[in-house]
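Biologist: I should like to learn how pockets and cavities are read from a model. Could we work through one case together?

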Amino acid sequence: MTRSNRIRWIQLRTIILIWLILAVCMSVYDYLVLHSASSNGPSEEYSFLLSTAFHLGSALMGALLGGSFMVFYINVKFQDKPYGYTVITVGLAYVLIISTIMLTLAFIAVPLRTGKPFFDPVSQQAFNKFLHDTTRAKNIFFWSMVVALTQLALQINNKFGQGVFWKIIRGLYNTPREETRIFMFLDLNSSTAIAEAMGNEKYHELLKDFFADITYPILENKGEIYQYVGDEVVVAWTYSDGIENNHCVRCFFDIKQHIEKNGDMYRQRYNLVPTFKAGIHCGKVIAGEVGIIKRDITYSGDVLNTTSRIQQLCKQFQKELIVSGEVLSELQLPEHYQASPLGSVQLRGKEKYILVNELSAK
């Protein structure tokens with residue numbers, strides 16, 4: 001199973017768990033309201049256990065159908081669509097899903113209440129009463145809000161990046177902390193010339209497609225998209241994730257392979273296939289939350305500036321990928337990767353020299 005699918009399954013399991021908890025809370029709320037001083041009490045047909053089972057069944061079916069629809073379809077197929085378009089689609093789909101759930105549960109619950117087969121006149125009368133019960137409207141309203149908030153949470157999670165929103169909620173980086181991170185600065189080649197030839201609008205479409213195509217190779221290699229800066233993307237790894245299975249360098253070549261695979265699409269739309277260069281380095285950074293209106297988790301430290309300078313060496317040496325000696329010394333490269341030393345280089349604006357290496361795939 002790919003890492004992207006594992007992330008989606010985790011999201012679906014989380015939705016199922018939260019919706020089941022909300023179903024229990026709704027049953028308890030109904031029980032407390034019906035037994036309050038301002039209520040005439042529950043009807044003879046009311047049963048807390050049956051009500052709880054009904055709500056749990058609704059939540060489970062809704063999570064399996066609606067949650068799967070949101071996680072595996074909407075947020076994959078509609079990832080480049082406007083948020084409003086996505087919300088409308090989810091809303092229409094929810095009406096169909098909730099109708100299906102209500103009818104299914106009615107077929108199950110009515111015979112249990114009447115003790116008679118579903119097509120018996122007594123059961124048919126109970127079925128009509130079930131559908132016209134105002135409780136159904138309350139349930140639809142409640143679960144509509146749950147669906148809307150769930151979709152909003154998924155959109156926010158995508159907006160901040162995988163796991164970042166949850167870290168902000170937990171306050172994990174409310175107090176700055178030191179971490180060892182690996183960074184890759186990946187930059188589109190000849191971006192100025194391409195932009196001038198295409199025009200701003202067409203060039204923006206190219207960037208949008210390019211950034212969309214590189215997303216999954218980054219996720220599959222346990223990378224985190226830290227920033228988009230013009231035509232450049234900054235990818236970050238925890239030190240262990242970046243070193244494990246050479247993820248930090250495999251990511252570059254997986255991106256290259258994915259772009260080449262989609263070469264026909266790029267030629268058809270833009271009359272070119274984008275090429276790019278990258279620099280990789282590691283070191284200690286301070287990670288912490290910044291901002292009040294637009295809160296985010298940022299990294300600060302010399303390693304970021306150094307990685308950017310290493311990436312700029314690609315143009316000077318006419319290379320696709322340059323990796324610092326610090327990163328290369330920790331990797332266990334397979335035979336299909338070849339490292340070629342470029343020597344000790346003094347980076348622009350730096351006093352110290354740094355060992356750099358070209359990395360290529362055989």
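Modeller: Let us begin with an open site. In this predicted model, the second largest pocket has a volume of about 870 Å³. Its lining consists of 32 residues, and those nearest the centre are Tyr46, Arg113, Asp133, Thr135 and Arg136. Two or more lining residues come from each of α1 (3–34), α2 (48–77), α3 (83–114), α4 (121–132) and α5 (134–160).

Biologist: Which element gives the largest share of the lining of the second largest pocket?

Modeller: That element is α3, with seven residues. As to chemical character, the lining of this pocket holds 16 nonpolar, nine polar and seven charged residues.

Biologist: How does one read an enclosed space, and how many cavities of 30 Å³ or more are there?

Modeller: A cavity is a set of points where a 1.4 Å probe fits but cannot get out. The count here is two cavities of 30 Å³ or more. The largest cavity has a volume of about 80 Å³, and the second largest cavity holds about 50 Å³.

Biologist: Which residues line the largest cavity?

Modeller: The lining is formed by Trp19, Ser58, Gly62, Gly66, Tyr94, Ile97, Ile98, Ile101, Trp143 and Val147. At least two of the lining residues come from each of α2, α3 and α5, and α3 has the largest share, with four. Seven residues of this lining are nonpolar and three polar, with no charged residue.

Biologist: What lines the second largest cavity?

Modeller: Around the second largest cavity are Gly66, Phe69, Met70, Val90, Ala93, Tyr94, Ile97 and Val147. Two elements, α2 and α3, give two or more residues to this lining, and α3 gives the most, four. The division is seven nonpolar, one polar and no charged.

Biologist: Turning to the whole protein, how should its overall form be read?

Modeller: The secondary structure comprises 13 helices and eight strands. The radius of gyration is 27 Å, well over the 21 Å that the globule rule gives for 362 residues, so the protein is more spread out than a compact globule. The C-alpha trace spans about 85 × 50 × 40 Å along the principal axes.

Biologist: What do burial and contacts add to this picture?

Modeller: Of the 362 residues, 42% are buried, that is, under 20% relative accessible area. Among contacts with a separation of 6 or more, 71% join residues 24 or more positions apart. The accessible surface comes to about 20200 Å², and carbon and sulfur atoms account for 59% of that area.

Conventions. Residues are numbered from 1 along each chain as its sequence is written. This is a predicted model: local features need pLDDT of at least 70, side-chain atom pairs count only at pLDDT 80 or more; totals for chains, interfaces and linings use all residues. Side-chain values use heavy atoms; hydrogens and water are left out. On a 1 Å grid over the protein atoms alone, a cavity is a set of points where a 1.4 Å probe fits but cannot get out, and a pocket is an open set with protein on both sides within 12 Å along at least five of seven lines; lining residues have an atom within 4 Å of a point. Grid points are joined across faces, edges and corners, and a volume is the space filled by probe spheres set on the points. Ala, Val, Leu, Ile, Met, Phe, Trp, Tyr, Cys and Pro count as nonpolar, Asp, Glu, Lys and Arg as charged, and the others, Gly among them, as polar. The radius of gyration is taken over C-alpha atoms; the globule rule is 2.2 Å times the number of residues to the power 0.38. Buried means under 20% relative accessible area, exposed over 50%, partly exposed in between (1.4 Å probe, protein chains only). Contact means heavy atoms within 4.5 Å. Accessible areas come from the Shrake-Rupley method with a 1.4 Å probe; for residues, only the protein chains shown count as cover.
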